[in-house]
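User: Please take a close look at one part of this model and walk me through its surroundings in a connected way. I would like to follow the contacts from one residue to the next.

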Amino acid sequence: MNDTFLNIALVVVLALFVIYAFRNSRKNKAKQEELKSQIVPGVEVMTNFGLFGTLVSVDEVSNVAELEVSPGNIVRVHRQTLAKVVTEADSTVSGVSTGEPRSVEEAMEIANREAEAREKAANPEFGELAEPTDKHAEEIIVVEPVVEEPSADDKPATKPVRRASSKKVDE
């Protein structure tokens with residue numbers, strides 16, 4: 001009984017895996033067909049390795065795509081490296097710029113502003129607190145030493161006992 005249940009469970013799991021694999025395969029194939037239909041000369045594309053450029057031509061036979069990355073500079077890449085077509089919706093979210101720099105100068109300006117903010121936070125001006133402090137009373141345990149007193153009967157002294165008291169200390 002136990003073996004049949006395990007065999008049935010194994011077959012069900014295997015069937016679910018196969019169905020999931022076929023479903024993903026169809027989705028990926030549909031996505032590739034959509035991308036292939038969008039890739040036409042004149043659109044801005046991004047490669048798998050992050051190179052942006054305007055598509056100049058695509059040679060289906062030799063699988064070569066030519067991208068113009070800047071005026072007059074044409075780069076030849078394999079056609080399958082074209083990852084996606086860049087649209088205006090990709091660079092902005094609901095009409096608002098995503099905040100990503102579009103040039104080196106803009107990136108340097110953002111980096112300088114962030115560095116100034118970090119420096120100001122690290123070096124507060126006179127009278128400002130660098131970090132808010134929350135002082136709580138700490139508990140300190142004070143151990144009082146016990147002094148052995150000689151016994152009057154000349155009996156051996158008993159083991160001393162330590163007494164601990166706790167005090168609240170406010171700083």
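**A close look at Asn 73**

Analyst: Leaving aside residues up to four places away in sequence, Asn 73 touches Leu 67 and Glu 68. The model is a predicted one, and in it Asn 73 belongs to strand β4, which covers residues 73–78. Asn 73 has a relative accessible area of 42%, and because exposed residues are those over 50% and buried ones those under 20%, Asn 73 counts as partly exposed. Its side chain also takes part in a polar contact, which joins Asn 73 to the side chain of Ser 70 at 2.5 Å. Farther along the chain, Gly 53 is 20 residues apart from Asn 73, and the C-alpha atoms of the two are separated by 9.8 Å.

Leu 67, one of the residues that Asn 73 touches, leads on to Thr 47, for Thr 47 touches Leu 67 together with Thr 81, Leu 82 and Ala 83, again not counting residues up to four places away in sequence. Thr 47 lies in strand β1, made up of residues 44–47. With a relative accessibility of 0%, Thr 47 counts as buried, whereas Asn 73 is partly exposed. The side chain of Thr 47 reaches a backbone atom, namely the nitrogen of Leu 51, at 3.0 Å, while the polar contact of Asn 73 with Ser 70 joins two side chains. Leu 67 therefore appears in the contact lists of both Thr 47 and Asn 73, each of which counts heavy atoms within 4.5 Å.

Notes. Residues numbered from 1 in each chain as written. Predicted model: local features only at pLDDT ≥ 70, side-chain atom pairs only at ≥ 80, totals over all residues. Heavy atoms only, no water. Helix = DSSP H or I, 4+ residues; strand = E, 2+ residues; numbered from the N terminus. Buried < 20%, exposed > 50% of the residue type's maximum accessible area, 1.4 Å probe, protein only. Polar contact = N/O pair within 3.5 Å; in protein donor to acceptor, adjacent residues only side chain to side chain.
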